[in-house]
Amino acid sequence: MKEKLTFLGIETSCDETAASVVREKTDGTGDILSNVVSGQIDEHKEFGGVVPEIAARAHVEKIDFIIKKAIKESNLSFDKINGIAATAGPGLIVCLTVGLNAGKAIAGSLKKPFVAVNHLEGHALSPKINKKIKFPYLLLLISGGHTQFLEVKGVNDYKRLGTTIDDALGEAFDKTAKLLGIEFPGGPKIEEWAKKGDKNYFELPKPILKKGGCNLSFAGLKTAVLRTSKKLKSQKEKYNLAASFQKTINEILYEKTKIAMKEFLKDKENIEKTFVIAGGVAANLKIRENLTKLSNEKKFTSIFPPVNLCSDNAAMIAWAGIERYKMNLIDNLEFPSKARWPLDSSAPFLKGPGLKI
Ligand code: KG4
Ligand code: ZN
C-alpha cells in the first residue's frame with residue numbers, strides 16, 4: 001500500500017502563530033497529530049485591533065518554539081514528515097513572511113517538498129479533514145478578515161459567488177463591541193450580551209439586502225450602531241443593542257445565503273447539496289441556528305467544522321498542503337508572500353486583505 005502523506009503546516013497570516021502535523025488516513029480524511037495555536041489577544045487588546053508590527057514581532061519570537069512543539073506533540077521527528085506547507089497569503093505581509101520563511105527554511109534544509117498555501121483555501125478545505133465531503137460544495141467563510149461565499153469545485157478550483165464590499169463580519173462584531181465598551185475581540189461577548197437583551201428594541205439597517213446578489217455590506221450598519229450607541233442610557237440598553245445587532249446580522253445572512261444557494265445550484269443537477277460554514281464567527285450559536293434552519297428549508301446539509309478548525313489554525317494549512325501535493329501543485333522556495341491573493345482570480349476586486357483596524 002502507498003505510504004500515507006504526513007505534512008507540517010505553518011500559519012502566521014494575522015495574529016495567530018500556528019503549526020500542526022496532519023496525516024492522511026486510508027478513508028481519505030485526515031488525522032490531526034498536533035495542532036498548536038498561540039494567539040496574541042493581550043498584545044492587541046489596548047489597540048482594539050491587530051497592529052501589524054506588533055503581530056509580526058510576536059510571530060518572530062514564537063515561531064521556532066511553536067513548530068518544535070507541533071513536531072513533539074505529533075510524536076514524530078522531522079524526517080517522518082513528507083512535506084511542508086505554509087500560508088503565503090492573503091494577509092499582513094510582515095506576518096506572512098515569518099511563517100513562510102520558516103517553512104521554506106525547513107523544506108530547504110531537509111530537502112522536502114514545499115507547498116505555498118492560500119489561507120482561504122485552507123479554510124475552504126478544512127471540513128474535509130474530519131469528514132468525507134464531495135465536491136462541489138457551497139462555503140460561507142465568516143472571520144475577522146474575510147466574508148465570502150465560495151463555490152468549492154475542487155482543489156485549486158473556486159468560484160467566488162459573493163463577498164463583503166466593506167468590513168468583514170468579524171470586524172463588524174468587533175467594532176460594535178468596541179462601541180459598547182467591550183475589549184477586542186468582542187464577538188463572543190456580543191453573543192453573550194445579546195442573550196440578555198431585546199432583539200426587537202432597535203431597528204438597524206440592512207445594507208444592500210435587496211441588491212448586489214450575494215455580496216454583503218456592513219459599513220452602514222456600523223454607522224447606525226455608532227449613532228445608537230451614543231444615546232444609550234443603561235446597561236440594559238447596551239444588551240438590547242447587542243441583541244438587535246445580532247438579529248440584524250442573522251437576517252442579512254439568511255437572505256444572502258438564500259441567494260448564494262440559488263446561484264450555487266444554477267446549472268447543476270443531482271448533486272449532494274452541502275453547505276459549509278467556517279471562520280471564527282461560525283462559533284456564534286445564533287448564527288449556527290439560523291443557517292441550519294435555512295439549510296433544512298432548502299434541503300442542504302449544513303456542516304460546521306469544529307471550532308478549533310474554524311478559527312485560524314495550521315491543521316487546515318497542512319491539510320491543504322497534502323491535497324495540493326497530491327495534485328502535483330508543489331512550489332519552489334522563491335514563492336513570495338502576497339497581501340492580496342483571491343482564490344478566484346476572475347472575481348471582481350471588491351475589498352483588500354483583512355486589516356482589522
Ligand atoms: O477566524 P478567526 O478566529 O480569525 C480571523 O479573523 O482570521 O475569527 C475571529 C473573529 C473575530 O472577529 C471574533 O470577534 C469573531 O471571529 N468571533 C465571533 C464569535 N467568536 C469569534 N463573532 C461572533 N460571535 C462569536 N461567538
Ligand atoms: Zn482565517
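# Asp267, the ligand 1 site and helix H6 in a predicted model

Asp267 has a relative accessibility of 80% and therefore counts as exposed, since the threshold for that class is over 50%. This residue belongs to the loop that runs between H9 and strand S9 (274-278). Its backbone is also of interest: although Asp267 is not a glycine, its phi is positive, at about 65°. Most residues other than glycine have a negative phi, and most peptide bonds are trans.

The structure discussed here is a predicted model. The protein chain has a mean pLDDT of 93, and 95% of its residues reach 70 or more. Residues 352-357, however, have a pLDDT below 50; this stretch makes 15 contacts in the model beyond near neighbours in sequence.

Ile208 may be considered alongside Asp267. Ile208 likewise is a residue other than glycine with a positive phi, near 40°, and its place is in the loop between H7 and H8. A glycine with positive phi, Gly181, is found just after H6, with a value of about 85°.

Two cis peptide bonds can be described next. One joins Phe135 and Pro136, with omega about -5°; Pro136 is located in the loop that connects helix H5 (127-130) with S6. Another leads from Phe184 to Pro185, with omega near -10°, and Pro185 is placed in the loop between H6 and H7.

Helix H6 itself merits closer attention. Of its 11 residues, eight are buried, so the helix is largely enclosed by the rest of the structure. The buried positions are Leu169, Gly170, Glu171, Ala172, Phe173, Asp174, Thr176 and Ala177. Which elements cover these buried residues of H6? The cover includes two strands, S6 (137-142) and S7 (147-154), together with the helices H7, H8 (219-229), H9 (235-265) and H10 (285-297).

H6 also leads to the ligand site. Helix H6 (169-179) and helix H7 (187-195) each contribute at least two residues to the shell around ligand 1. In total, 17 residues surround ligand 1, and the closest are Gly144, Asp174, Glu191, Gly280 and Asp312. Asp174 is thus both one of the closest residues to ligand 1 and one of the buried residues of H6. Sorted by class, the shell comprises nine polar, four nonpolar and four charged residues.

Individual atom pairs give further detail of the site. A nitrogen atom of ligand 1 lies 3.1 Å from an N or O atom in the side chain of Asn284. Backbone atoms take part as well: an oxygen atom of ligand 1 is 3.5 Å from a polar backbone atom of Gly145, and an oxygen atom of ligand 1 is 3.5 Å from a polar backbone atom of Val281. The protein covers 90% of the 550 Å² of accessible area that ligand 1 has on its own.

Asp312, among the residues closest to ligand 1, can be followed outward from the site. Asp312 is situated in the loop between helix H11 (307-310) and helix H12 (315-326). Is this residue buried or exposed? Its relative accessibility is 17%, and Asp312 therefore counts as buried, the limit being under 20%. The side chain of Asp312 makes a polar contact of 3.1 Å with the side chain of His119, and a polar contact of 3.1 Å also joins the side chains of Asp312 and His123. When its neighbours within four places in sequence are set aside, Asp312 is in contact with Glu16 and Val37 in addition to His119 and His123.

Two further residues show how separation in sequence and in space may be set side by side. Leu76, in the loop between helix H2 (52-73) and strand S4 (83-89), is 70 residues from Thr6 in sequence, while their C-alpha atoms are 9.9 Å apart. Apart from neighbours within four places in sequence, Leu76 is in contact with Thr6, Val21, Arg23, Leu33 and Ile71. Pro348 lies in the segment after H12; this residue is separated from Ala315 by 33 residues in sequence and by 30 Å in space, C-alpha to C-alpha. With a relative accessible area of 54%, Pro348 is exposed, as is Asp267, with which this account began.

Conventions:
Residues numbered from 1 in each chain as written. Chains lettered and ligands numbered in written order. Heavy atoms only, no water. Near = heavy atom within 4 Å. Polar contact = N/O pair within 3.5 Å; in protein donor to acceptor, adjacent residues only side chain to side chain. Areas by Shrake-Rupley, 256 points an atom, 1.4 Å probe, with all protein chains shown as cover. Helix = DSSP H or I, 4+ residues; strand = E, 2+ residues; numbered from the N terminus. Nonpolar A, V, L, I, M, F, W, Y, C, P; charged D, E, K, R; others polar. Buried < 20%, exposed > 50% of the residue type's maximum accessible area, 1.4 Å probe, protein only. Contact = heavy atoms within 4.5 Å. pLDDT = per-residue confidence, 0-100.
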